[in-house]
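Please go through the structure shown here and work out how its chains, helices and buried residues are arranged.

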Amino acid sequence: MGWLVIAPLAAAGFFSFYFGRVRVGAISTGSTISSRLNSQPNFHGYFLAICTVLPAALVLFAYLVFAEGNIRNTLLSELPTYLLNRGPEQVDLFLDRVAEYGRDRSAAVTGNILFDASVDRYASLKGSTRLFAFVLAIAVGVGGFVLGRRQLTRTFTARAYVERTSVGLLFVCAAIAVVTTIGIVLSLVFETVRFFSLPDGPSVFGILFGLDWNAQTGQNFGAVPLFFGTLMIAVLAMCVAVPIGLFSAIYLSEYASPRFRAWAKPTLELLAGIPTVVYGFFAATLIAPLVRTLAQWVNALPFTPEQLLAAQPTSALAGGLVMGSMIIPFVSSLSDDVINAVPRPLRDGALAMGAPKSETIKQVILPAALPGIIAAILLAVSRAIGETMIVVMAAGGRALITLDPTSDITTVTYQIVSLLTGDTAFDSAKTISAFALGFVLFGVTLIFNIIALQVVQRYREAYD
Amino acid sequence: MTEPLHTSPDAKAERLRLRYAKERRFKLYGQIAIAIAIGFLAILLISIGSKAASAFSRYMLVVEIDQPDFTPQSDVSVTDVNLAVRDQLQVLFPGTLTDRAARADLFALTTRLSVLPLTRQIQANPELANQPLTAQLAVSDDLDLYLKNDIRSHRRLEIGTTGRLSRTEAGLYRLTTADPDGFFEFQDRLVAENEPATDIIIEASGWWFVLEDLSGATLILSHAAGAIPDLGEQDQSPISAILLGSLSADRKVTNRQIAMALYLKERQLIEKRFNTSLFTNADSTYPELAGAAAAIIGSLFTMLVTAIFAIPVGILAAVYLEEFAKKSLLTSVIEVIINNLAAVPSIIFGLLGAAVFLNTFDLPRSVPLVGGLVLGLLVLPTIIIASRAALRSIPPSVRDAALGLGASPTQAVFHHVLPMAAPGILTGAIIAMARALGETAPLLLIGMVAFISEVPASPNDESTVLPVLIYKWFSGAERAWEPMTSAVIIILLIVLVSMNLVAVLLRRRFERKW
C-alpha cells in the first residue's frame, strides 16, 4: 500500500515541478524589469507541484484515517439484529475477524453463511471506497494542476505562495508537540474519568487516601503505599545524587584544571547516556544482593534485634542508590550551568577581599546560584519519580508502607508497568487504574517541571 | 564587625591555618564526589563486562554423522536429525549406555532443539540429506556454565597404578591398585585432600569412572565414558582422580555428565567456539539457543521509524519556532509545552501509545511501527531543543547578509542558516536517537515484550528491541540468562557509545567560533 501511494504522488510532484518550470521559462523574455518574471522559474515549479500533490495527499490521508471506520459502520448497520444483541464486544470481535479475512481474500471460505457474506460485503465496500478515494485523489490532483497552471504568468507571485505554504508546514510540525501534549492529557483524563465512573470502581478519595493496594487480584485501589514508595525511593536517590552531583559540579567548575575537566565531564555524562534498563540490571544483580548481605550482617550484630531489617532480595535501598547514581550527571551538569552563570565580578570581589576559594563558593557563589540549584534538584526529583526500569527490576513490588530501606517496596511507575503488560483489555478496572496512576504521575512531575523551568528562566534573565 | 580585631599574631596564624584546612577539606569533598561517580561507572562497566565475557563464547558438541539415513529426504524433521545425532552419540559411548539413566544423561548434554539450525540447512538443501554431515550442537546451558566456571575447582591427583578390575552384582566395577598396600595409602590421601567431601571422577588409560564408594578396601566405580576394559588383571597404568569440588546434589549437571563432557573435551568433540548464535538466532526459551538477532533487527526498524518521523518534524518545528514564529501567546505556549514535554517521564508516553495508538486507532500491538512512533514523540522535544540551540548559535549577520542581498526569509533560512547549523542539529539528532535506542518502559506498555522467535521482516511485524530483550532475559529463571543478558547489554552499550562518539566527533569537526 505504502509505495503504491507514495510513488505516484512523488512522480506527479516531479512532473508538475518540471512542467511549471519549463512553461514559465518559455514566457520569460525580455530584459527590462517589467518583462522579467516576478518569481524565479523554480518557484513556479514548486507552486504547481504543491497545487497538484497537496490536495491529493490530503484526500489519501483522509482515506487512511477514516475509511476503515466508515466501512465498519456501514457493515454494522447491515448486520442482523441477533448478532448486534450479543453485545458490542462480540460484534467488535466479529468485525475484526471479517476485516482480517477481507484483507486476505485467498483465505478459505469458512462455511458460515453470515460470516462469508460479511467478508464479501466488507471486501466490496473496501474496494469501492478505495476506488473512490483514488479517483477522487487523481481528480483533485489534476484539478489542482489545471487551476495552478492558469496562474503561471509573468506577474504571478509564486514565491510568496510557496513560502507561505512552507511556513504553514513548519507550523504544523511545531504543533505536533502541542498535539502530543493534548493527546497525553486527554487520554489520561479520559481514562481516569472512566475509571472513577466504573460501577464497582473506587472513589477519588479512596484512591488518594486508601492504604491498601491490590489491583492485580483484588479490587483495592488505595494508592498511598505507592506514593509512599515513590517518595521513599526518590528521597534515597536524592541523598546520593544531590551531594555528589553538587560537589562534582563545584569541583569541576571552580577547582579542576581545564585538562581534568575536559575528560572528567564527558565521563560523568556517560552515566546519563547508559540506558535505565542497564542500571536496573546492575542494581538487581550486584547492588541488591550486596544490600541484602549488609542488612543480614546488621541483623546479626549482637546489639541489634534479630529482625531489625527486612533484608529482602530486592530493596528500596538498592533501587534508590542506583537511581541516585544515574541522576548524578543530571544534577551536576545543571548545577554546573548555574554556577557558571554567576557573574564573574561577584567572584572576583570575594577573592579580592582575600577569601579562600571555598569561602567564596560557600558565601558568595552558592547563595547567588541557590534558586538555580533548587530548580536543578526539583528537575532531578521529577526524574526520579518518573523513573521506571530501575524500580521494576530492583525494588520489588509489594505495596508496603515501611521506613525500612532494605524492604521491598512498590512505586507508581512499577504498578503502571505491571498493570499494563500482559493482557490489555481496555475495560477492566485493573487496566484503567494504570491510567489514573499515570495521571497523578504526569500531574506531579508537570508541577515540578513548571516550577523548576520558571526558576531557571527567571534566573537566567537576572544575570544575562 | 563591631569589635576591633586586636588579636595576637599567633591567634591570627592559627585562624588562617584553620581556614586553609577548611579550604583543603572542601576541595577534597569535591574530589571524593567525582571519584565516587567515576568509580560507580567503572564498577558498573566492569561487573557487567566480566559477566558478559563468558557469553561471547560457548561450548559446542561436534558430532560427525557419516552415513545420514533420512528416509523421507524431502521432509527432514528435527526428530529425524535428532535420532541420527543420538545414534552417533551412542557409538561414541560403547558399553556405557546399558541403562536408561545413562542414556538420559548423554542425551541431556544438548537440548533436542539444538539440531534446529542443521535441520533447516538440510531442509533448504535436500541433497545434504545423504552426505556426511558435521553437526555442531550447543551443549545445554547448565553444562556450558559448568565447563566455563565450575571446572576451575577441579583438582587432579595421581593416586597409583591400576591392578585388578572386577564387576559387582549391582552393575558397578571394583578396582584395586597394583601395589597391594598402595590402596590404603592413596585412600588416606584422597580422604585428606577431598575435604570437605566432594564427588570424584576416576580416569585411567582412557576409561572414565565415577567414584561411588571409597570406604571398602577397593574403589567402587560406575562406568561413565570410554571403552570398558577387560576385567581381570590390568597392565599398570596410572590412575588419576579428579576432585570435582562440588556435590552432584548441589548442581544441575550429574557426575556422569561431567565425566562424559571431560571425555568428549579431551577428544576435542566438545570445543569452545565464538557464540555466533547470539547474533544469528532469534529468542528461544532455551538459553543456549537464544540469540539477539530478532531484537537487533527490531531495534533497527524501530529506530528507522523514529528517525523518519522525529528528525524531520523536529528540525522543521525548530526552524519555525526559532526563525519564523512571531512573539505571540500561541508561540510562547508552544515553547513552554515543548520544554515541559522534554521532562515528562518516558512511561507517560507509553500510556499515550497504549491509549491512542492501540486503543483508539486499533494499531497492532508489539510492532516497530507503533514503538517507533511512540519513541519519536518521546525524543521530538529533545530534537527540537537541540536544533533550536544550533540555529541560535548562527549569528544574525548571516541572515542579515542574505536578506540584504535580496533573499526572502525562507531562502535565508533554508539556503544559509540551516546548512550552517546542520552539524549541530545532526549531533542533537544522534544523541536523541541514542536515547530512543535505550528506552524500555514505554515499549513495555505497547506490548513489545511478546516472545518473538522469528526475525521480523518489516516494521509491521511483531518484534522486540534490545533493551526490552535485556529486561526479558533478566527475568528468566535459568542461571545462564545472566551472562547472556550482560552480553546483550555490552552490544547495546557499544552501539550507544559509538553513536555518542560520532556525535562528539561531528561536533569537534564542524565546531565554529563566530
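The questions and answers below deal with a predicted model.

Q: How many residues of chain A are in contact with chain B?
A: Contact here requires C-beta atoms within 7 Å. On the side of chain B, 66 residues meet that condition. Their partners on chain A number 68 residues.

Q: Which helix of chain B gives the most to the side that touches chain A, and what classes of residue make up that side?
A: The side of chain B that touches chain A divides into 49 nonpolar, twelve polar and five charged residues. The element that gives the most to this side supplies 19 residues. That element is helix α1 (residues 9-53) of chain B.

Q: What separates the centres of domain 1 and domain 3 of chain B?
A: The domain assignment of chain B gives domain 1 (56-146), domain 2 (155-243) and domain 3 (293-510). Taken over C-alpha atoms, the centres of domain 1 of chain B and domain 3 of chain B are separated by 45 Å.

Q: How many residues does domain 1 of chain B give to its contact with domain 3 of chain B, and of what class?
A: Domain 3 of chain B brings four residues to the contact. The side of domain 1 of chain B has no polar residues there, but two nonpolar and two charged. Domain 1 of chain B therefore gives, under the 7 Å cut-off for contact, four residues.

Q: How far apart do the C-alpha centres of the two domains of chain A lie?
A: The assignment for chain A gives domain 1 (2-156) and domain 2 (205-463). Their C-alpha centres lie 50 Å apart.

Q: Where does helix α2 (residues 41-78) of chain A bend?
A: The helix has 38 residues, and from its first C-alpha to its last it reaches 54 Å, close to the 56 Å expected at 1.5 Å a residue. It nevertheless bends by about 45°. The bend is at Phe66(A).

Q: On which residue is the kink in helix α6 (residues 158-196) of chain A centred?
A: Because 39 residues at 1.5 Å a residue should span 57 Å, the 55 Å between the end C-alpha atoms of α6(A) agrees with expectation. There is still a kink of about 30° in α6(A). The kink is centred on Ile176(A).

Q: How many of the residues of helix α8 (residues 224-255) of chain A are buried?
A: The end C-alpha atoms of α8(A) are 45 Å apart, which agrees with the 46 Å that its 32 residues should span. The helix bends by about 30° at Met238(A). It is mostly covered, and its buried residues number 23 of 32.

Q: Is Ala380(A) buried or exposed?
A: Ala380(A) sits in helix α13 (residues 357-386) of chain A. Leaving out residues up to four places away in sequence, it touches Met238(A), Ala241(A), Ile327(A), Phe330(A) and Val331(A). It has 25 C-beta neighbours inside 10 Å, and 20 or more are needed for a residue to count as buried. Ala380(A) is therefore buried.

Q: How many residues does the largest nonpolar core have?
A: Those with the most contacts inside this core include Ala380(A), Ala283(A) and Val488(B). Ala283(A) touches Ala288(A), Ala318(A), Gly319(A), Val322(A), Ile390(A), Met393(A) and Ala394(A), not counting residues up to four places away in sequence. Another core, of 20 residues, lies apart and has Phe17(A) and Leu48(A) among them. The largest nonpolar core has 254 residues.

Q: What distance separates the C-alpha atoms of Trp213(A) and Ala399(A)?
A: Trp213(A), in strand β1 (residues 213-214) of chain A, counts as buried because it has 24 C-beta neighbours inside 10 Å. Beyond its neighbours within four places in sequence, its contacts include Phe221(A), Pro225(A) and Ala399(A). Trp213(A) and Ala399(A) are 186 residues apart along the chain, yet their C-alpha atoms are separated by 6.2 Å.

Q: Is Gln268(B) buried or exposed?
A: Gln268(B) lies in the loop between α7 (255-266) and β10 (270-274) of chain B. It has a positive phi of about 60° although it is not a glycine. With 8 other C-beta atoms within 10 Å, Gln268(B) is exposed.

Q: Is Ser366(B) buried or exposed?
A: Ser366(B) is found in the loop between α11 (346-360) and α12 (368-392) of chain B. It is not a glycine, but its phi is positive, about 65°. Because it has 22 C-beta neighbours inside 10 Å, Ser366(B) counts as buried.

Technical notes: Residues numbered from 1 in each chain as written. Chains lettered and ligands numbered in written order. Predicted model: local features only at pLDDT ≥ 70, side-chain atom pairs only at ≥ 80, totals over all residues. Contact = placed C-beta atoms within 7 Å. Helix = DSSP H or I, 4+ residues; strand = E, 2+ residues; numbered from the N terminus. Nonpolar A, V, L, I, M, F, W, Y, C, P; charged D, E, K, R; others polar. Domains from an automatic or database assignment. Core = buried A, V, L, I, M, F, W, Y, C linked by C-beta atoms within 7 Å. Buried ≥ 20, exposed ≤ 12 C-beta atoms within 10 Å, placed from the backbone. Expected span 1.5 Å × (residues − 1). Bend = angle between axes of the 7 residues up to and from the residue.
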